[in-house]
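Open the model in a viewer and keep the sequence panel beside it. The stops below go from one selection to the next.

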Amino acid sequence: MLSLEEVHSHYRKIHALKGVSLSVRERTICCLIGANGAGKSTLLMTISGIQPITSGTIRFRGEPVEKLAPEEIVRRGVIQVPEGRRIFSDLTVNENLILGAYLRHNTSEVAASMENVFGLFPILRERRGQSGGTLSGGEQQMLAIARALMGMPSLLLLDEPSLGLAPLVVTHIMRIIQKIRDDGLTILLVEQNAQAALELGDYGYVIETGRVVLKGRAAALLQNDRVKEAYLG
């Protein structure tokens, strides 16, 4: 579904991505793990068209997208849940969700999507009239994922969904991500919690200082000595 070939990206003089190549198969969870500053979030921003690509090719469903504007990439079905959630704290849960569907014009289909996300996240139905800023961290993460789902993505980019959350909440979020995959959505998951990501994922990549240094099935990476030493404690 998604493939990157020799992708380079710079922040001014900083060479952030150094020839990254990877692929994400349809209806799978592909994990990208690595330390802080390794280039994980930069990679998602580059796929989304927010961070400019210096060279290389990004293909979605076989078509190059690296020169498209971010909104056009969203229209094609690639939607990102950013690190830190970035919900609209002054807007209600309901308003946040409606904004997630801003490119859709069929009101009955949008209403059906709203019911679907409330089915995934029942607490959001209870909180639908509350301002996003009054939610707990876990509820805000649920809202961020639900808002993205309102855009009807084919590929969901998740950036550190477990960041700052209690272990029980992380377990709950990971189960929801698994259910979303089981329902047919493709997911590229960036996650510093390597154990949780690899237990959840189908395939994985390890990125260090802007380069992919390991790849393979997630179950195999869990048993890899280098991964164990560097990321699994």
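Select helix α3, residues 93–100, in this predicted model. Its buried residues are V93, N94, N96, L97 and G100. Look down the helix axis: these residues cover an arc of only 160°, so they lie on the same side of α3. Which elements cover them? The cover includes α4 (107–120), α5 (122–126) and α6.

Keep α3 selected and add α6, residues 137–149. Two packed helices are described by the angle between their axes and the distance between those axes. For α3 and α6 the angle is about 35° and the axes are 7 Å apart. The crossing of this pair is right-handed. To see the contact, show side chains for V93, N96, L97 and G100 in α3. On the α6 side, show L143, A146 and R147, which they meet. By class, the contact of α3 with α6 has four nonpolar, two polar and one charged residues. V93, N96, L97 and G100 thus appear twice on this tour: they are among the buried residues of α3, and they also take part in the contact with α6.

Now hide α3, leave α6 on screen and select α7, residues 167–182. At what angle do the axes of α6 and α7 cross? They cross at roughly 15° and come within 10 Å. An angle under 35° counts as roughly parallel, which means that α6 is roughly parallel to α7. The crossing of α6 and α7 is right-handed. Show G138, Q141, M142, I145 and L149 in α6. Their partners in α7 are V169, H172, I173 and I180. Sorted by class, the contact of α6 with α7 has six nonpolar, three polar and no charged residues.

Leave the helices and go to strand β1, residues 2–11. Select E6, which is in this strand. What is there to note about its backbone? Phi of E6 is near 50°, a positive value in a residue other than glycine. Is E6 partly exposed or buried? E6 counts as partly exposed because its relative accessibility is 47%.

For the last stop, select the loop between β9 (203–208) and β10 (211–217). T209 is in this loop. Check its backbone torsions: phi of T209 is near 45°, again a positive value in a residue other than glycine.

How values were computed: Residues are numbered from 1 along each chain as its sequence is written. This is a predicted model: local features need pLDDT of at least 70, side-chain atom pairs count only at pLDDT 80 or more; totals for chains, interfaces and linings use all residues. Side-chain values use heavy atoms; hydrogens and water are left out. Axes are lines fitted to C-alpha atoms, for helices over the stretch in contact, and angles run from 0 to 180 degrees between N-to-C directions. Helices (H or I, at least four residues) and strands (E, at least two) are DSSP runs, numbered from the N terminus. Angles under 35 degrees count as roughly parallel, over 145 as roughly antiparallel, 65 to 115 as roughly perpendicular and the rest as oblique. A crossing is left-handed if the near helix is turned anticlockwise from the far one by less than a right angle, and right-handed if clockwise. Contact means heavy atoms within 4.5 Å. Ala, Val, Leu, Ile, Met, Phe, Trp, Tyr, Cys and Pro count as nonpolar, Asp, Glu, Lys and Arg as charged, and the others, Gly among them, as polar. Buried means under 20% relative accessible area, exposed over 50%, partly exposed in between (1.4 Å probe, protein chains only). The arc is that of the directions from the helix axis to the C-beta atoms.
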